[in-house]
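Reader: I would like a close look at one part of this model, the place where two of its domains meet. Please take me through it step by step.

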Amino acid sequence: MCCSIIGIISSKNVVAPALVDSLKRMEYRGYDSVGVATLATTNRISVRKGIGKVNQVNSSLNLTEMEGFVGIGHSRWATHGGVTDYNAHPHPCCTEDIAVVHNGIIENYLPLKEELVKKGHRFRSETDTEVIAHLLEDHYNASRDIKAAMLETVSQLEGSYAFVAMFANGSLACARLDEPLVIGVSDNAYYASSDVLGFLQYTDQAMFLDNRDIAIIDRDGAHIFTFAGEPVTRGVTKVAWELADVNKGEFAHYTIKEIFEQRTSVKAATYQEEHKIKVFCDTIAAAGNIIVTGSGTSYHTSLITSMAGCRALKKRFEPVMASEFKYNMDSIDKDTVVLAISQSGETADVLSATKLARAAGAKILSIVNVSTSSLARAADVSLAINSGPEIGVAATKSFTGQVSLAYSVLDRISGGRIGFDRDAVSDKITKMLAGSAAIERLVNVTMPKVNDIYLLGRSIHFPIALEGALKMKELAYVHAEGIAAGELKHGPLALMDKNAVVFVLNPDDKTYGDTLSSAHEVKTRGAKIIGISNVSNDIYDAMIEIPKMENELLYPLVEVIPLQLFSYYLALRNNVDPDFPRNLAKSVTVK
Ligand code: F6R
């Protein structure tokens, strides 16, 4: 699962309102059901949970009115077990003296469950998570010692997980393996959360647990151990308060707010500490073999970075999808640099790619938005794009931030072969955004209702065709396909008829003539054509004008803006909540 978990233990305040508030702030990570458990004054754990978003479940179950100074909360994005009230977390053990919230996957839950059932444990859900509650119960009953119960339990679990367990004696116990877990520390409370956003409204002091750490938190403080039971200390880090600024401001949705934030986020991405960017650039310059990896939108950045890297540095860059990485390891050695790109820095496929590459001797560089993420910490050098929290599930400002930072790195190494000028790019994006009403009109007035959208582009425009299609699919639930324009005649042309709408990414660079021919090929089959270009042409049924860019490698930064806007307005037209598309979560922390 890619869920949000939070546990709070406070010496002063009733925790339920803070648990609900935290879940709202982290809702972008997962959102099909929600639950809270608190320890009431009677020392009984009480659990309330149900299907829906945080506000819906709260208004039907009055979560905020639960009593208790200790509690745990969860918002779920289902993987094992359907979306039902029973499958929502927290999951209590048989006696209801322990309750658990969990993020990740327990791969061996079926044999563990069989074993526990044989011992007489009663399961109420279909989830993998529930085995944790029963294992803890089993071991705690044997030893009456939370540390021993945790050590025994984690020794039996296989998979990747972060979980927080609440015990009826008022303690919280948590553990992490390949899923994020961070502890917030304030004067009168501790917070155990999957994301710093879970507690940043209360404290900026955070302890990042390492992989294979267990923390037991009670009124005396937080005690941390390795999975081998050795006590360890994890330093307290101050996290940036700006992250807490996660309201929508004047905008109707986070997605449109974040699209507009690109006016400044493309600049923010390039402000880097000198010593870090120097080592980052030197590492790329010295590499014999460079592999760029990422997932989804961050993979599209990897494609752009690889093309631009080859051109600027006259050196081979190989883009590899993170989910395909493990099948393409043969060329990786100690001369290899893997550049891993990720907004969240928690994507399981990306983390697993870097782990494998590291084991094969490669150096790891990363570009992330969340500078405290697992990927940032796993890299030899990591640069952050400084975009601020991206709450909308669809990646928007993180994409242009990643491209801007990659371009400024390549410019620095190549002596300016790309010519990325942050102020000029920011001005051009600002002008594109000023035309948002025209895109809204295109969606609501000019565009017929369509089921199939195609996007054509060559060279550096091809990744934008893919990115535009991804935005349309996830935001508006419309089938959309990015096609390398030269490939049309090798198959996709068979799909073109009067029902197709085709975006043609066609500024007047060296791809112009060939892409115009492709536009003619689809027009002849009756398709409607929307040109994205700096030069008009009668062939376009509608045209979105983009500014002329000095270097063709810079076009992606402006071409993507109308496609993001188009997808957003299409989502609204199709009555879809653009911030929370169905079946998707912001951080995909499972493989
Ligand atoms: C697309 C989108 C996803 C992410 C992908 C990788 O809009 O949001 O495709 O790009 O899940 O996420 P990060 O960049 O966090 O590794």
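Author: Domain bounds here come from an automatic or database domain assignment. The model is a predicted one. For this chain the assignment gives domain 1 as 4–238, domain 2 as 241–434 and domain 3 as 436–585. The part to look at is the meeting of domain 2 and domain 3.

Their C-alpha centres are 24 Å apart. Domain 2 puts 37 residues into the contact, and domain 3 puts in 40 residues. The size of an interface is often given as the accessible area lost when the parts come together. For domain 2 and domain 3 that buried area is about 3,100 Å², with 70% of it on carbon and sulfur atoms. On the domain 2 side, the residues that lose the most area to domain 3 are R311, V393 and M432, which together make up 22% of what that side buries.

Next, the polar part of the interface. Between domain 2 and domain 3, 18 residue pairs are in polar contact, counting pairs with both residues at pLDDT 80 or more. The salt-bridge rule finds 1 salt bridge across this interface. R311 forms a salt bridge with E552, and the closest N and O atoms of the two are 3.0 Å apart. R311 is also one of the three residues of domain 2 named above for the area lost to domain 3.

Which elements supply the domain 2 side? Those that give two or more residues to the side touching domain 3 are α6 (254–260), α9 (296–313), α12 and α13 (422–434). Of that side, the largest share comes from α9, with 8 residues.

One of these elements, α12, can be checked further. Helix α12 covers residues 397–414, which is 18 residues; at 1.5 Å a residue it should span 26 Å, and because its end C-alpha atoms are 25 Å apart, the model agrees with that expectation. Helix α12 is also mostly covered, as 16 of its 18 residues are buried. Just after α12 comes G415, with a positive phi of about 70 degrees.

To sum up the interface, domain 2 and domain 3 bury about 3,100 Å² between them, and the contact takes 37 residues from domain 2 and 40 residues from domain 3. Its 1 salt bridge stands beside 18 residue pairs in polar contact.

Definitions and conventions: Residues numbered from 1 in each chain as written. Predicted model: local features only at pLDDT ≥ 70, side-chain atom pairs only at ≥ 80, totals over all residues. Heavy atoms only, no water. Helix = DSSP H or I, 4+ residues; strand = E, 2+ residues; numbered from the N terminus. Expected span 1.5 Å × (residues − 1). Buried < 20%, exposed > 50% of the residue type's maximum accessible area, 1.4 Å probe, protein only. Contact = heavy atoms within 4.5 Å. Buried area = accessible area lost by both parts, 1.4 Å probe. Salt bridge = Lys/Arg side-chain N within 4 Å of Asp/Glu carboxyl O. Polar contact = N/O pair within 3.5 Å; in protein donor to acceptor, adjacent residues only side chain to side chain.
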